[in-house]
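Hi,

Here is the structure I said I would pass on. Have a look at it first, and my notes come right after.

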Amino acid sequence: MVEQQRWPGGPPQPGEFPRPGEFPRPGEPGAPGGPGTPGRTPPGEPGAVPGTRVWMDPHSDWQDRLYDRLLEKRIVMTTGMLDDDAATRLSAQFLTLDAEGDEAIRLELQNLRSELPAALAVMGVLDVLRVPVHAHAGGEIRGAALGVLASCPHRLAYPNASFVLSEPRLEFDGTVTAVAERQQQAERMLDSLYYRIAEATGREADEVREDARRSRTLTTAEAIGYGLIHGRVSSRDE
C-alpha cells in the first residue's frame, strides 16, 4: 500500500526518470545522488551547471600577423601613447628595416601622443637611418609626437588629421637639488623638440615654443601652411 502511494503506476524502471509528482526520497533508487537511476532536480533548486568548453582563440594573434605583413612591405605603424617601451620597439623596427634594404620606410602615425624622452629617443634613431622615412599622419598628433613627425624628411597627412602644438607634461620627485637638475634637463629636452620642429617648418624656435604654450591646433590645410607637413595623402602616393 505504501509503495503504491509513493509510486503510482509502479516504481520507475531502470533508466527511467520518475513521473511528475513521484520524486523519491534521498538515498532511494532514482533519487539525486543516490544509487540507481539519476533523479530530476527538486522544484525550486538550481539545476545542473552546463559544461564549459575552453579552447584557444585561433585569431588571438591576428594583430601580430598583420604588423608582420606590414613590416614585410616596409610599413611601420605607431599609435596611442609612445612611451619608453614603445619607443624601443619602434626604434628596433626602424633599424631592422634600414639594415635589410635600401627602399624608403613608410611610417604611419595614427592618434599619436608621446612622452618627451621617448620622442627624443626615436628622433635620434631617425637621424641616423640610411634610408628615408615617409610619414603619413592621421587622427590627432599631439605634443612631443610632433618631433617624431618633424624628423621625417617627407611628411603627408590624411585629410581629417589634426596637429596640436602643446607642452609635454613632466613630473619630478626628489630633493630640491634633484628637482632643479631635472628641471634643467627638461628645458634642454624641450629646446631640442622645439628646434627640431622649427627646423622642419622653417620657423623660429621661439615662435614654436609660444604656439606650444597656447596649445595651438592645426588642421591638415593649416599644417601645410605652417610647414609641418608637405601635402595630403592621396591614392597616388606610394
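Below is what I found, going from the sheet to the core. One thing to keep in mind: this is a predicted model.

Start with the sheet. It is an open one made of 5 strands, and the order across it is β1-β2-β3-β5-β8, with parallel pairing. At the edges you'll find β1 (75-82) and β8 (231-232), each of which pairs on one side only. Helix α3 (residues 84-100) packs on this sheet and touches β1, β2 (105-114) and β3. The direction of α3 makes about 165° with that of β1.

Further along the sheet, strands β3 (residues 133-138) and β5 (residues 154-157) run parallel and are joined by 4 bridges. If you want a spot to zoom in on, alanine 135 stands opposite arginine 155 in β5.

Now back to β1, where threonine 78 sits. Is threonine 78 buried or exposed? Its relative accessibility is 8%, so it counts as buried, the cut-off being under 20%. Beyond its close sequence neighbours (within four places), threonine 78 is in contact with Leu90, Leu107, Glu108, Leu109, Gln110 and Leu112.

Then there's the core. The largest nonpolar core has 49 residues, and Leu82, Phe94, Leu107, Val148, Leu149 and Phe163 have the most contacts inside it. Helix α4 (residues 116-128) gives the most to this core, with 7 residues. Leucine 82 is worth a click: leaving out residues up to four places away in sequence, the residues it touches include Ala87, Leu90, Leu112, Ala118, Val122 and Val148.

Cheers

Notes. Residues are numbered from 1 along each chain as its sequence is written. This is a predicted model: local features need pLDDT of at least 70, side-chain atom pairs count only at pLDDT 80 or more; totals for chains, interfaces and linings use all residues. Side-chain values use heavy atoms; hydrogens and water are left out. Two strands pair if DSSP finds at least two bridges between them. Helices (H or I, at least four residues) and strands (E, at least two) are DSSP runs, numbered from the N terminus. Contact means heavy atoms within 4.5 Å. Axes are lines fitted to C-alpha atoms, for helices over the stretch in contact, and angles run from 0 to 180 degrees between N-to-C directions. Buried means under 20% relative accessible area, exposed over 50%, partly exposed in between (1.4 Å probe, protein chains only). A nonpolar core is a set of buried Ala, Val, Leu, Ile, Met, Phe, Trp, Tyr and Cys residues joined through side-chain atoms within 4.5 Å.
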